[in-house]
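Work through these exercises with the model open beside you. Try each task before you read its solution.

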Amino acid sequence: MLSKLALASLAAYASAHGIVSQVMVGGQWYNGANYGSTNDNSPVRGFPYDGGYVPYYNVNTDDIVCGANGHGSVPVTATVNAGDDVKLRWHGDRGPTGDYWGHYEGSVMDYLMRCDGDCSNFQTSYGNARVYKIWEAGLDTSQPRPDQGFWPSRPQGDGLWAMDDMSRNWGSWHTVTIPATTAPGQYMLRHELLALQAASNLAGTAETPIGGPQYYPACVQLNVVNNSGNVVYPPETPVREIYSTGDAQVNIYTPAPNGIEHFDIPGPNVVNTSPYKRSARRADRHARREAFGKTH
Ligand SMILES: *[C@@H]1O[C@H](CO)[C@@H](O)[C@H](O)[C@H]1NC(C)=O
Ligand SMILES: [Cu+2]
């Protein structure tokens, strides 16, 4: 039987989710988002009032670009050198201080999206939002399943999920490097968490009324300067075409007791941002795929 306290925390679990509460861009601190509104001193676009996710059935709508409350711009566009790091802090309801990102199972992804001018004028509903993926991590099966710590609900299964790693081992901070070959100009860093704890159950449960995979995009307005000299223009994908509603509908709880042993991170591959056209290894793999009649 659940105590009143347990019921209260279940309710919090259902609505709290998380937001990017702080960012560090090129060594400079900025505020993140507020719940429910944009924050004047932040380059992070708005989150829904409850930090809620984009549900799987909206992955082909404009909401997937920067989230349901991220359509409008924020006043700050943070300047960063190509080659510098951007760090994002996910605020949630778990962890040793009760404010770490709360979910365990899922991937972490980063995309860049050109703003075609000032990000402060960039409206995600224009239908022009195109991205390329610069980083991703999913399930690292070379790692053992971590102990449960503060999160007793995690199911069985070997491996360390990137989302769990971020919260557990990095104080709920994520770091991504803006490629040194990025052309100067304004971009949105489209950072994204994909939570899978409800991915097997599209119908939802009492705790998760909307089931299925949960997408948490976070857009940071950036002005990229001081390029190294080499510029790479990677192929782009319209954001509303990067996922389909069937992506990530995995059952992480089976086959019991070992959980899933492999997770294909959805969306396009991470692009090659090396200043050289194509590495020998990639060219070789490409040639082999063509030999087998595969186009992609
Ligand atoms: C870009 O380079 C210039 C010249 O070296 C420097 O003054 C400026 O601070 C750099 N920008 C950033 C964001 O570091
Ligand atoms: Cu959540």
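Five exercises with worked solutions follow.

**Before you start**

This is a predicted model, in which local features need pLDDT of at least 70 and side-chain atom pairs count only at pLDDT 80 or more, while totals for chains, interfaces and linings use all residues. Residues are numbered from 1 along each chain as its sequence is written, chains are lettered from A and ligands numbered from 1 in the order in which they are written, and side-chain values use heavy atoms, with hydrogens and water left out.

**Exercise 1. The open sheet**

Task: Find the order of the strands in the open sheet of four strands.

Solution.
- Start with the terms. Strands (E, at least two residues) and helices (H or I, at least four residues) are DSSP runs, numbered from the N terminus. Two strands pair if DSSP finds at least two bridges between them.
- Read the order. It is β2-β1-β5-β10, and the pairing is antiparallel.
- Find the edges. β2 (28–31) and β10 (173–177) each pair on one side only.
- Check the twist. On average, neighbouring strands of this sheet are turned by 20° against each other, direction ignored. For this angle, axes are lines fitted to C-alpha atoms, for helices over the stretch in contact, and angles run from 0 to 180 degrees between N-to-C directions.

**Exercise 2. Bridges inside the sheet**

Task: Trace the bridges that join β1 to β2, β1 to β5 and β5 to β10.

Solution.
- Begin at β2. Four bridges join this strand to β1, and the two run antiparallel. Met 24 stands opposite Trp 29 in β2.
- Look at the turn. β1 and β2 form a hairpin with two residues between them. Gly 26 in this turn has a positive phi of about 55°.
- Move to β5. Strand β1 (residues 19–25) is joined to β5 by six antiparallel bridges. Here Val 23 faces its partner: this residue stands opposite Leu 88 in β5.
- End at β10. Strand β5 (residues 85–94) pairs with β10 over five bridges, in the antiparallel sense. Asp 85 has Thr 177 as its bridge partner in β10. Arg 89 stands opposite Trp 173 in β10.
- Now ask: how many residues of β1 are buried? Buried means under 20% relative accessible area, exposed means over 50%, and partly exposed is in between (1.4 Å probe, protein chains only). Six of the seven residues of β1 are buried, so this strand is largely enclosed by the rest of the structure.

**Exercise 3. The shell of ligand 1**

Task: List the residues around ligand 1 and sort them by class.

Solution.
- Collect the shell. A residue is near a molecule or strand if one of its heavy atoms lies within 4 Å of it. The residues around ligand 1 are Thr 79, Asn 81, Val 225 and Asn 226.
- Sort by class. The shell has one nonpolar, three polar and no charged residues. Ala, Val, Leu, Ile, Met, Phe, Trp, Tyr, Cys and Pro count as nonpolar, Asp, Glu, Lys and Arg as charged, and the others, Gly among them, as polar.
- Find two polar atom pairs. A polar side-chain atom of Asn 81 lies 2.8 Å from an oxygen atom of ligand 1. An N or O atom in the side chain of Asn 226 is 2.3 Å from an oxygen atom of ligand 1.
- Add the area. Ligand 1 taken alone exposes 360 Å², and the protein buries 32% of that.

**Exercise 4. The loop between β6 and β7**

Task: Describe Asp 116 and Asp 118 in their loop.

Solution.
- Place the loop. Asp 118 sits between β6 (106–114) and β7 (130–137). Asp 116 is in the loop between these strands too.
- Check the flanks. Six bridges join β6 to β7, which run antiparallel. Leu 112 stands opposite Tyr 132 in β7.
- Compare with the cut-offs. Asp 116 counts as exposed because its relative accessibility is 56%. Asp 118 counts as partly exposed because its value is 41%.
- Look across the chain. Asp 118 and Asn 223 are 105 residues apart along the chain, yet their C-alpha atoms are separated by 8.5 Å.

**Exercise 5. Positive phi**

Task: Which sign does phi have in Asp 116 and Ser 172?

Solution.
- Recall the rule. Most residues other than glycine have a negative phi.
- Read Asp 116. Its phi is near 50°, a positive value.
- Read Ser 172. Its phi is also positive, about 70°. Ser 172 lies in the loop between α3 (162–169) and β10. Ser 172 is buried, because its relative accessible area is 0%.

Key
Polar contact = N/O pair within 3.5 Å; in protein donor to acceptor, adjacent residues only side chain to side chain. Areas by Shrake-Rupley, 256 points an atom, 1.4 Å probe, with all protein chains shown as cover.
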